Each structure stands twice: as structure tokens, then as C-alpha cells.
Amino acid sequence: MALLERRASIDVVPTGTLGAEIRGVDLARVTPAQIDAIKDAWYRHDVLIFRGQRLSDDQLLAFSRHFGTLDPPPNQGAGRKSPPGYPEVYVVSNVRDAQGEPIGALGDGEAAWHTDMSYAPAPPDASMLYALEIPSEGGDTCFCSMKAALNALPPALLERIRQLDIKHDGTYDSGGNLRKGLAASDNPRTSVGTPHPIAIAHPVSGERALYLGRRRNAYIMGLELDESERLLDELWSAVESVVYRHRWAVGDLVLWDNRTTMHRRDAFDPNARRIMHRTQIKGSGAPQRAAF
Ligand code: SIN
């Protein structure tokens with residue numbers, strides 16, 4: 001990894017695929033100049049990796065608030081899971097408490113490629129995940145560049161989708177679990193969700209990205225179902241053009257732009273413990289259609 005730049009005493013080191021590692025910062029004591037440098041790096045690299053951090057939930061929340069107002073955790077199959085007294089922290093974990101209740105969401109299974117809460121009218125701008133306990137193997141999180149995915153599309157396909165919208169299904173979480181309180185549905189036309197443009201422009205950088213959300217129950221508005229399925233399959237074939245795989249260590253914090261990336265997670269040993277604390281930043285608005 002080559003050093004890209006040093007600013008406000010932090011080093012920005014690109015991963016070589018998507019994202020950059022930020023070195024030389026203690027997120028519990030971050031300065032305003034470092035926050036500016038981190039934001040600049042974030043807009044350019046979309047995924048930022050901070051290793052070796054030691055953060056309490058209060059410090060995680062304080063760092064998260066530099067990026068905007070916090071969103072409450074999503075409604076997952078296990079419900080909204082937060083540590084006591086921290087409703088803005090979302091626990092992602094397979095661990096169960098003494099009563100056998102999961103302390104967090106998503107269990108130990110694979111989580112499919114997704115954008116966080118793209119079924120909402122104004123999905124979160126950003127999310128961050130902080131590792132407290134990790135299994136010795138498995139449970140890697142992968143991030144893909146949706147800017148690269150859009151750039152990989154042939155011109156005729158881009159022309160075809162530039163005015164189209166996808167309805168983003170809100171029925172299932174990325175582990176395939178029915179969200180608490182919702183009715184099961186495998187009908188992409190009628191399942192609950194919100195339509196957003198397929199090609200969006202980032203509100204700060206203006207860069208264009210493909211905005212696919214989740215594959216299950218996705219539906220391209222106005223098309224016959226079989227045509228929508230074919231077109232979605234074509235678009236999804238570009239998703240893995242540029243991917244960064246994160247192998248977690250305790251103390252890693254990863255921040256991602258939820259508008260220009262998607263992420264997925266590998267399954268891991270059900271007998272191992274994995275505890276992550278996540279925060280997410282409220283959406284600054286509905287995703288905006290890209291101009292071509
Ligand atoms: C998530 O989808 O936010 C969770 C990813 C992970 O558990 O690594």
C-alpha cells in the first residue's frame with residue numbers, strides 16, 4: 001500500500017482496490033483539523049479503515065456525530081438491538097444473553113450485498129462498524145464500489161437505465177430474515193419499499209454511482225416483471241467490479257459511504273463470538289438522479 005498523503009498528522013493509505021486506511025489518529029481524541037482531513041479522504045475513497053482503536057460507546061457516538069445526525073438502528077429480523085442506554089448504537093452479533101435472547105442482529109450467517117436501509121425514503125448517508133469481539137476466522141466484511149459498477153456498464157445499458165427507478169424492498173434484512181412486524185412477501189411488485197433512481201449522483205462530490213440496494217424483491221418500476229428481473233441481473237453482474245475485503249481485528253473501525261458502496265458479510269462459526277457496534281448517519285435527503 002503506497003502512502004497517498006499526510007495531513008493534520010494523519011496518513012491516508014489506499015487499499016489498492018476500494019477504500020483507504022487512515023493511520024495516526026486516535027478516534028477518541030480526534031481534532032477538528034483531523035475530522036476535516038478524514039472527511040476529505042472519505043469523499044475520495046468511500047470506505048475508511050481505522051485500526052487499533054479503543055472506543056467506549058460514548059466515544060463511538062461522539063466520533064459518529066461529526067458526520068451528521070444519528071439514525072436509530074434498522075428494524076431487523078431480531079428487532080432493533082442496542083446496548084442498554086445507547087439507543088443509537090446498533091449491535092451486530094451472534095451472541096445470546098443468559099435467557100437465550102440474541103443481543104444483536106444478523107446472527108452468524110452470510111449477509112448478502114446491500115446498501116443500508118435503501119428501502120427508506122432518505123436512507124442513511126453513512127454507517128460505521130466497530131469490532132469488539134471477532135471469530136478467529138470467517139465474518140469478513142466486503143465492500144464494493146458502486147461508482148466502479150456504474151462505470152463498468154456498457155453505454156447502451158447506461159442510456160437504458162438513466163431515467164429508471166428501482167423499488168427497494170423493505171421486507172427482509174440482508175441475512176434473509178423477515179423484519180419484525182412485517183408480512184412475508186416474495187412479490188417484487190407489491191412488497192413494501194421505496195423507489196429510487198438507479199443511477200445517482202453523490203450530493204457532495206457529484207460522482208455517479210449505481211444504486212441497487214438489495215437483489216431480493218427488487219423491482220424496476222414500470223417494467224414487466226420478467227423484463228425487470230433480466231435488467232436487474234445485468235446490472236448486478238457489474239457489482240463486483242472493484243471489491244475490498246476487510247479481515248477484522250478487535251479495535252478496527254470501518255466507516256463507509258452508504259450512497260456509493262454496498263457491503264456483504266461472510267458467515268462464521270456459530271460457536272465463535274462476534275460482537276460489533278454500528279452507528280449510522282441520517283440521510284441528508286432522497287438519493288438524487290445522476291445527470292448524463
Ligand atoms: C452490516 O451489514 O451492517 C453488518 C456487516 C457485518 O456484520 O460485518
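Which strand gives the most to the lining of the largest cavity? In this predicted model, that strand is β17, with three residues. Strand β17 spans residues 261-265 and is joined by β5 (90-93) and β7 (111-114) in supplying at least two residues each to the lining.

The count comes to one cavity of 30 Å³ or more, and the space in the largest cavity amounts to about 180 Å³. A total of 21 residues line the largest cavity, and those closest to its centre are L106, H114, S174, H263 and R278. By class, the lining comprises nine nonpolar, seven charged and five polar residues.

The largest cavity is also where the ligand sits. Around the ligand are V92, L106, H114, L129, T141, H263, R265, R274 and R278. This shell divides into three nonpolar, three polar and three charged residues.

Polar contacts to ligand oxygen atoms were found for H263, R265 and R274. In the case of R274, a polar side-chain atom lies 2.8 Å from an oxygen atom of the ligand. For H263, a polar side-chain atom is placed 3.2 Å from a ligand oxygen atom, while an N or O atom in the side chain of R265 is 3.3 Å from an oxygen atom of the ligand. On its own, the ligand has 260 Å² of accessible area, of which the protein covers 100%.

Definitions and conventions
Residues numbered from 1 in each chain as written. Predicted model: local features only at pLDDT ≥ 70, side-chain atom pairs only at ≥ 80, totals over all residues. Heavy atoms only, no water. Near = heavy atom within 4 Å. Polar contact = N/O pair within 3.5 Å; in protein donor to acceptor, adjacent residues only side chain to side chain. Areas by Shrake-Rupley, 256 points an atom, 1.4 Å probe, with all protein chains shown as cover. 1 Å grid on protein atoms, 1.4 Å probe; cavity = no way out; pocket = protein on both sides within 12 Å on 5 of 7 lines; lining within 4 Å. Sits in = over half its atoms within 2 Å of the grid points. Nonpolar A, V, L, I, M, F, W, Y, C, P; charged D, E, K, R; others polar. Points joined across faces, edges and corners; volume = space filled by probe spheres on them. Helix = DSSP H or I, 4+ residues; strand = E, 2+ residues; numbered from the N terminus.
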